[in-house]
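Here are a few exercises to work through with the model open beside you. Try each one before you read its solution.

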Amino acid sequence: MTKDSGRTAAIRAVAALGLTAALVGLLFWLDLAAYYDWIKAVHVIAVIAWMAGMLYLPRLFVYHADAQIGSDKSETFKVMERRLLNAIINPAMLVAWVLGLWLAWEGFGFSGGWLHAKIAAVLVLSGIHGYLSGATRKFAQDRNTKPARHWRIVNEVPTVLMIVIVVLVIVKPF
Ligand code: HEM
């Protein structure tokens, strides 16, 4: 990562955190407790969009890693990756976090072992999200050094986390 793109990524991350905090505050201010189930429904819709992108993006990297630099195929992958990240994955993650934090406070006062474990797993998932964002930038600059096999393995991580998160929130085992 160049110094400039690293700084831009840091600024974007801080802006996303600020926006998340502001939107969670707004939801509390609006006092939407009566709409708990509707908000949960939108949370699940956002989570589905986020997960779809988190499973598809590393799959694109698998094929992109084998495409010749400068080829039409490689340039097409760049457009697909950028749009997937900016139009689907990033906004879906923001909505999932904002509504998830609201649900956690409104429904459970942030208590419960399952909830703490779920939030920890979602933090790891968000870390993978950051890693995939960085990789999208590297691919866009033709600076990916990882082989297709690496991206195949990375592709499995969101799947495992998703299984853990869904079991925690539905079964609430502890
Ligand atoms: C971003 C941080 C997240 C937080 C703070 C959060 C928190 C919550 C909370 C408190 C609920 C309500 C549970 C209930 O009413 O029983 C909920 C529902 C749900 N969440 Fe999340 N969540 C987050 C992200 C995710 C992710 C990444 C997934 C899946 C990969 C997910 C899947 C679900 C599902 C399936 C439900 C519905 C559960 C039910 O109705 O029984 N959440 N979430």
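**Exercise 1.** Which helix gives the most to the shell around the ligand, and with how many residues?

*Solution.* Keep in mind that this is a predicted model. Start with the fold: the chain has five helices and zero strands, so to speak a plain run of α-α-α-α-α from the N terminus on. Next, go through the helices that line the ligand. α2 (36-66), α3, α4 (113-140) and α5 (148-171) each supply at least two residues of the shell. The top contributor is α3, with eight residues.

**Exercise 2.** Work out which residues come nearest to the ligand, and how the shell divides by residue type.

*Solution.* Begin with the 22 residues around the ligand: V47, G100, L103, A104 and V122 come nearest. Then sort the shell by character, and you get 17 nonpolar residues, three polar and two charged.

**Exercise 3.** Describe α3 from end to end: its span, its kink, its buried residues and what follows it.

*Solution.* Take the length to begin with. α3 covers residues 72-108, 37 residues in total, and its first and last C-alpha atoms are 51 Å apart, close to the 54 Å expected at 1.5 Å a residue. Now look along the axis: there's a kink of about 35 degrees, centred on L85. For burial, the list is E81, I89, A92, M93, A96, W97, V98, L99, G100 and W102. G100 is thus on two lists, being buried in α3 and among the residues that come nearest to the ligand. Last, step past the helix end to G109, where phi is positive, near 55 degrees.

**Exercise 4.** Is H43 buried or exposed, and why?

*Solution.* First find the residue: H43 sits in helix α2. Then count its neighbours. H43 is buried because 20 other C-beta atoms lie within 10 Å, and 20 or more is what the label asks for. Who does it touch? Leaving out residues up to four places away in sequence, H43 contacts A96, L99, G100 and L103. For a longer reach, try I119: it is 76 residues from H43 along the chain, and their C-alpha atoms are separated by 14 Å.

**Exercise 5.** Zoom out and characterise the whole chain: its box, its burial and its contacts.

*Solution.* Along the principal axes, the C-alpha atoms fill a box of roughly 55 × 30 × 25 Å. Of the 174 residues, 20% count as buried. As for contacts with a separation of 6 or more, 87% are between residues 24 or more positions apart.

Methods. Residues are numbered from 1 along each chain as its sequence is written. This is a predicted model: local features need pLDDT of at least 70, side-chain atom pairs count only at pLDDT 80 or more; totals for chains, interfaces and linings use all residues. Helices (H or I, at least four residues) and strands (E, at least two) are DSSP runs, numbered from the N terminus. The expected span of a helix is 1.5 Å times one less than its number of residues. The bend at a residue is the angle between axes fitted to the seven residues ending there and the seven starting there. A residue is buried if 20 or more other C-beta atoms lie within 10 Å of its own, exposed if 12 or fewer, and partly exposed in between; C-beta atoms are placed from the backbone. A residue is near a molecule or strand if its C-beta atom, placed from the backbone, lies within 6 Å of it. Ala, Val, Leu, Ile, Met, Phe, Trp, Tyr, Cys and Pro count as nonpolar, Asp, Glu, Lys and Arg as charged, and the others, Gly among them, as polar. Two residues are in contact if their C-beta atoms, placed from the backbone, lie within 7 Å.
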